[in-house]
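Visitor: I would like a close look at one part of this molecule, starting from the paired aromatic rings and going on to whatever surrounds them. Please take it slowly and tell me how the pieces connect.

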Amino acid sequence: MPEQHDTVPEIQTFGRRARAARDRAGLTRAVAGGLVGRSAEWVKAIETGAIGMPRLPMLIRMATVYECDIADLTGDERITAATYTKAVHASLPAVKRALTTYQLTAGEDEPESAEVLAARVRQAWKLWHGDGDHRTRVAALLPDLLADAQRSVRAWEGAERRRVLVLQAQVYHLAQLYLAFQPEPELITMVGDRSMTAAQDADSPRAIAGAAWYMNHIYRDANTAAEARVELAEQAAALQRRDDPEGLARWGLLQLAAALSYAKTGRAGLAWRYWDRAKDAARQLGDGYAHPWLIFGRGIVDAYALDIHLDLVQPGKAVEAAATLDLSAVPSATRRARHLVEAARAYGMQQEGVAAVALLGKAYRASPETVRFSTHARRVLPEFAKAGPPTVREDARELTLALGLTA
């Protein structure tokens, strides 16, 4: 008797409904993919059940393109706020208030020097990449960091001001990472723009590189500005010196940004061409190198190969990449957990629920808040708890409860 794999029931139902809606709209897969910002292969994978129901923003985009209601796509399946929207972190109001408060007066305290501010920013990065509840720990620092960086930028002049601007750009990067899984897309765009503005005002190629990397994430997540984000990465890369490790790392990171952008739009040849450039940069830096806060290195480049396969809708190759993935050299618990979630997504696409739940459990142990605020994990774990392989239902149920969801 052939081996049986338990599947999540919604996958096939959603695929059939999506195809019916596209047919009613009179759109080919290629045209539909272009209109929603994905490839024809992605549309096919959705309709055949190779990948599951996308996130709510993409559902809205598909419903708009197909000229139908979201209910026509989801059928009887209910999109609950707990699973398909982003969970709200307790500190979000405080961080939002800090981002929308402007330091228009000098204040009574002396402005912090670039040296003092740099030490605080380094500590915040260590907390973000460290073990435990990284989001909660960084959120406790962000309001004061945002305010103090703004005061220092206003107070200092010349070279000291430029150094502070470089640090302010990093503070905005931290804010963007904090907001990335929160229901505040406008704030994410705002801090991305502010970080780029600070980097340009500082006239710092290294700050511009970091800002371009994080702006690339904003555009990709929104499925917009495909050509613009590649152009931004290339322009920022051209500013980097490659005769020192940090400059080479920033250059390699921007090659990776371009690779991910091309993969998002289904352009496999260009995606792998730029990934090869990033891989070569990481190879030159050596196995033991990782950028102190961008974390660029060989482990990250290999991990993003998995993302490229997923965006190109190559689940089989994604699973092969996941099976050989070695994250031990990645000095960031949050990044390791993030790539473990992507590996779980790859196995889920192949209906290998045992591996998917095991990887989500491993990701949770590495960085609980990475999984707690993952839309993918919040969507699939309740389904695995109900209808996954019997050997992992209990594990899936425990993880579901740990995320604050109903099993």
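Guide: With 12% relative accessibility, Trp275 counts as buried, since the cut-off for that class is under 20%. The model is a predicted one, and every value that follows is to be read with that in mind. Trp275 has an aromatic partner in Trp272, and because the two ring centres lie 5.5 Å apart with the planes at 80°, the pair is edge-to-face. Both residues belong to helix α15, where they stand 3 residues apart, about one turn of the helix. Their exposure is not described by one word, however: Trp272, at 22% relative accessibility, counts as partly exposed, whereas Trp275 counts as buried.

This pair is one of 4 aromatic pairs that the count gives. Another of them is formed by Trp125 and Trp293, whose ring centres are 4.9 Å apart and whose planes meet at 25°, so that this pair is stacked. Here the partners come from distant parts of the chain, Trp125 from helix α8 (residues 114-129) and Trp293 from the loop between α15 (268-285) and α16 (298-311), with their positions 168 residues apart. Trp125 and Trp293 are both buried. In general terms, a pair of aromatic rings is described by the distance of the centres and the angle of the planes, and it is the angle that gives the two pairs their names: 80° for the edge-to-face pair of Trp272 and Trp275, 25° for the stacked pair of Trp125 and Trp293.

Trp293 also leads to the empty space inside the model. The search of the whole structure finds 2 cavities of 30 Å³ or more, and the largest cavity, with a volume of about 60 Å³, has Trp293 in its lining together with Val166, Ala169, Gln170, His173, Arg206, Ala207, Glu246, Arg250 and His291. Three helices, α10 (158-179), α12 (205-221) and α14 (245-264), each contribute at least two of the lining residues, and α10 provides the largest share, with 4 residues. By character the lining of this largest cavity divides into 4 nonpolar, 3 polar and 3 charged residues.

The loop that carries Trp293 also holds Ile295, which is placed between α15 and α16. Ile295 has a positive phi of about 65° although it is not a glycine, and this can be set against the general pattern that most residues other than glycine have a negative phi. At 2% relative accessibility, Ile295 counts as buried. Ile295 is also one of the residues lining the second largest cavity, where the others include Asp287, Tyr289, Ala290, Gly297, Arg298, Gly299 and Ile300, as well as Ala329, Val330 and Pro331. This second largest cavity holds about 50 Å³ of space, and its lining divides into 7 nonpolar, 2 polar and 2 charged residues. The loop between α15 and α16 is thus connected with both cavities, through Trp293 in the lining of the largest cavity and through Ile295 in that of the second largest cavity.

Further positive phi values can be compared with that of Ile295. Asp203, placed just after α11, takes a positive phi of about 55°. Helix α11 itself (residues 185-202) has 18 residues, which at 1.5 Å a residue should span 26 Å, and its end C-alpha atoms are indeed 26 Å apart, so the expected and computed spans agree. Many of its positions are covered: Leu187, Ile188, Val191, Gly192 and Arg194 are buried, as are Ser195, Met196, Ala198, Ala199 and Ala202.

Glu67 likewise has a positive phi of about 55° although it is not a glycine, and Glu67 is found in the loop between α4 (56-66) and α5 (70-74). Its surroundings are of another kind, for at 73% relative accessibility Glu67 counts as exposed, while Ile295 at 2% counts as buried. The UniProt record, in an unreviewed entry, places the feature "domain: HTH cro/C1-type" at residues 19-73. The end C-alpha atoms of residues 19-73 lie 9 Å apart, and the span is 71% helix and 0% strand.

Methods
Residues numbered from 1 in each chain as written. Predicted model: local features only at pLDDT ≥ 70, side-chain atom pairs only at ≥ 80, totals over all residues. Heavy atoms only, no water. UniProt positions renumbered as here; feature names shortened; annotations may be inferred. 1 Å grid on protein atoms, 1.4 Å probe; cavity = no way out; pocket = protein on both sides within 12 Å on 5 of 7 lines; lining within 4 Å. Points joined across faces, edges and corners; volume = space filled by probe spheres on them. Nonpolar A, V, L, I, M, F, W, Y, C, P; charged D, E, K, R; others polar. Expected span 1.5 Å × (residues − 1). Buried < 20%, exposed > 50% of the residue type's maximum accessible area, 1.4 Å probe, protein only. Phe/Tyr/Trp six-rings, centres within 6.5 Å; stacked < 30°, edge-to-face > 60°.
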